[in-house]
Amino acid sequence: MRQMTLRDLQDIMRECAGEDESAQSIEEAPDESFADLGYDSLALLETQSRVKREYGVEFSEDDLADITTPREFVEFFNSLLLAA
Amino acid sequence: MTTPGRETAVPHELPPALLMPGQGAQYPGMGTGLYRDLPGFAAILDEVFDLMGPAGTELRSDWLAADPALPMEHVLRSQPLLFAIDYALGRLLTGLGLRPAVMLGHSVGELAAATLAGVVDLRGAVRFLLRRVSHLARVPEGGMVAVAASRAEVTPYLRPEVDIGAVNAPRQTVIAGPGPALAATADALRQAGVTCAPVFSLTPFHSNVLAPVVDVIRRALAGTPLRPPEIAMISGYTARRLTDAEAVDPMYWARHDTDPVLYWPALESLLATGPHLMIECGPGQGLTTLARRHPDVRSGRCGVLSLLGPPASGPGGEAGHFAAAVARLGLRMPRGTVEHGCSAVRQARLHAYANGECGRRPVGGHLRARVLAASEDRDQRRARHPHGYLRRVDSHPHRHPDPPHRGRGHVHL
């Protein structure tokens, strides 16, 4: 399974939020909190379900309780892919 | 190169726009830290509570109590407290010399904006609000659910009695209605693969369930003098500049409870008039978080700023966050506002925040596999972000919510 990049996450979150391609926030500031990037808890829940669907990997919301930034999300997710 | 949306990148010479949050933004303990630490804020809030009479005394003690009699999302708590905190923060800022160019209120936040704009005086606004919530407390219980889809995508799924309550962003629509019909609508959306999460509310605001009280609410306002706004307002209901005729029409205000809040269209109208610095003038940072998605904020043409910070940082962080926001606005905390009643340690901390010596959390987590992180590291992170950002979806949105301080399954708007 292909590893997730920040660009992949950005594309998914942009679609979730209905933003156009000019939104480059995640790649530019991967260590900002999701809230500071404009993504609230609903956008994150939506992201989570899209990631599960697109990558076919299961994880629980509790696994993500500590994840606050895009970089952390991508690292967490790729470590799951490696362990699978 | 500007980093989109960062509070540190706020160009404070931009005309300030106050965004005033409503239902969904409330959380237990909101504003209590600033109330304890900033006597100037406490004085304005106490003025509001005093105008509410015995109901205000009860409201204040329940708000400050560790174990309140009514949950924060109850209409008798959330609505008057959101109004009071939005209004007090706005008056505090104008008292420090801020001149808002425009205001945009979400739901009950628009009443707070109207009060600041002089449409209604504080006494009249408080009397109207108390009469309104006493009627709302008697309507059938229901709720609101945030849906990660556009209004057009959501509309075909609406069951009878369920309505669009708010258009918060291109793909964030809030639906409202009585419990069973709302749950059935949310279930249908979930089965279609659409993400839903309950909003903190026991009342189906902005739905036709509230139609029977619209006329009562209009009459509650009929004896109150209404004047054209002295500060420009963007209506959350027409998504255009509030006209003088609308401002003085009791029916305009009464229909708020059944009409949807058009926050995103209103935000677009506001920004179409030029770049602004948008200030979240109320609890949390839900409205500015959504505003960060706007292309004008992404590009750095507009700035955003919250006054109390995220709910997760708790009441203890409010005074520091507020002082930092005031400093970024180029305003000065008046002598006696901060110092009076503060310990020496707190004074030093507030001054450190105001001078930008602290206030941003360190960035961490580089190139570490989160799944293998040591447990003590997890505990440290949890202490910093007690709720995290990702929460479990509650599969039963119609059920009485958990105490919201646990944050489970609910979204802050």
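# Briefing: strands, helices and confidence in chains A and B

B:G142 has B:P178, in β5(B), as its bridge partner. The model that shows this pairing is predicted, and its scores are ipTM 0.91 and pTM 0.84. The points below take up strand β3(B), one helix from each chain, the make-up of chain B, two loop residues and the confidence values.

**Strand β3 of chain B**

- β3(B) covers residues 142-147, and 6 of its 6 residues are buried, so the strand is largely enclosed by the rest of the structure.
- Burial applies to both faces of β3(B): one side carries B:G142, B:M144 and B:A146, and the other carries B:G143, B:V145 and B:V147.
- One pairing partner of β3(B) is β5(B), residues 172-178, which runs antiparallel to it over 6 bridges.
- β6(B), residues 196-199, also pairs with β3(B) in the antiparallel sense, here over 4 bridges.
- In the pairing with β6(B), B:V199 is the residue opposite B:M144.

**Helix α1 of chain A**

- α1(A) takes in residues 6-17; at 1.5 Å a residue its 12 residues should span 16 Å, and the end C-alpha atoms are 16 Å apart, which agrees.
- The buried residues of α1(A) include A:L9, A:Q10, A:M13, A:C16 and A:A17.
- Viewed down the helix axis, the buried residues of α1(A) lie within an arc of 125 degrees, so they line one face of the helix.
- An α-helix has 3.6 residues a turn, so residues three or four places apart point the same way.
- The cover over the buried residues of α1(A) includes elements of both chains: α2 (25-28), α3 (41-55) and α4 (70-83) of chain A, and β4 (163-169) of chain B.
- After α1(A) comes A:G18, which has a positive phi near 75 degrees.

**Helix α9 of chain B**

- α9(B) comprises the 12 residues 211-222; at 1.5 Å a residue it should span 16 Å, and its end C-alpha atoms are 18 Å apart, which agrees.
- Buried residues in α9(B) include B:I217, B:A220 and B:L221.
- Seen down the axis, the buried residues of α9(B) fall within an arc of 90 degrees, so they too line one face of their helix.
- The other side of α9(B) has B:P212, B:D215, B:R219 and B:A222 exposed.
- Among the elements that cover the buried residues of α9(B) are α6 (122-136) and α11 (250-254) of chain B.

**Make-up and core of chain B**

- Chain B contains 17 helices and 9 strands.
- Chain B has 413 residues, of which 52% count as buried.
- Taking the contacts in chain B between residues at least 6 apart in sequence, 77% join residues at least 24 apart.
- The largest nonpolar core has 132 residues, and B:A17, B:L19, B:A88, B:M103, B:V145 and B:I175 have the most contacts inside it.
- Helix α4 of chain B, residues 75-95, gives the most to this core, with 12 residues.
- Of the core residues named above, B:V145 has also appeared as a buried residue of β3(B).

**Loop residues with positive phi**

- B:E161 is not a glycine, yet its phi is positive, at about 80 degrees.
- B:E161 sits in the loop between α7 (151-154) and β4 of chain B, and it is partly exposed, with 19 other C-beta atoms within 10 Å.
- B:A239, also a residue other than glycine, has a positive phi near 60 degrees.
- B:A239 lies in the loop between β7 (232-234) and α10 (244-247) of chain B; with 19 C-beta neighbours inside 10 Å, B:A239 counts as partly exposed.

**Confidence**

- In chain A the average pLDDT is 89, and 99% of the residues score at least 70.
- Within chain A, confidence is highest in α1(A), at a mean of 93, and lowest in α2(A), at 86.
- In chain B the average pLDDT is 83, and 78% of the residues score at least 70.
- Residues 1-6 of chain B have a pLDDT below 50; in the model this stretch makes 20 contacts beyond near neighbours in sequence.
- Residues 338-408 of chain B also have a pLDDT below 50, and this stretch makes 114 contacts in the model beyond near neighbours in sequence.

Methods:
Residues are numbered from 1 along each chain as its sequence is written. Chains are lettered from A and ligands numbered from 1 in the order in which they are written. This is a predicted model: local features need pLDDT of at least 70, side-chain atom pairs count only at pLDDT 80 or more; totals for chains, interfaces and linings use all residues. A residue is buried if 20 or more other C-beta atoms lie within 10 Å of its own, exposed if 12 or fewer, and partly exposed in between; C-beta atoms are placed from the backbone. Helices (H or I, at least four residues) and strands (E, at least two) are DSSP runs, numbered from the N terminus. Two strands pair if DSSP finds at least two bridges between them. The expected span of a helix is 1.5 Å times one less than its number of residues. The arc is that of the directions from the helix axis to the C-beta atoms. Two residues are in contact if their C-beta atoms, placed from the backbone, lie within 7 Å. pLDDT is the predictor's confidence in each residue, from 0 to 100. A nonpolar core is a set of buried Ala, Val, Leu, Ile, Met, Phe, Trp, Tyr and Cys residues joined through C-beta atoms within 7 Å.
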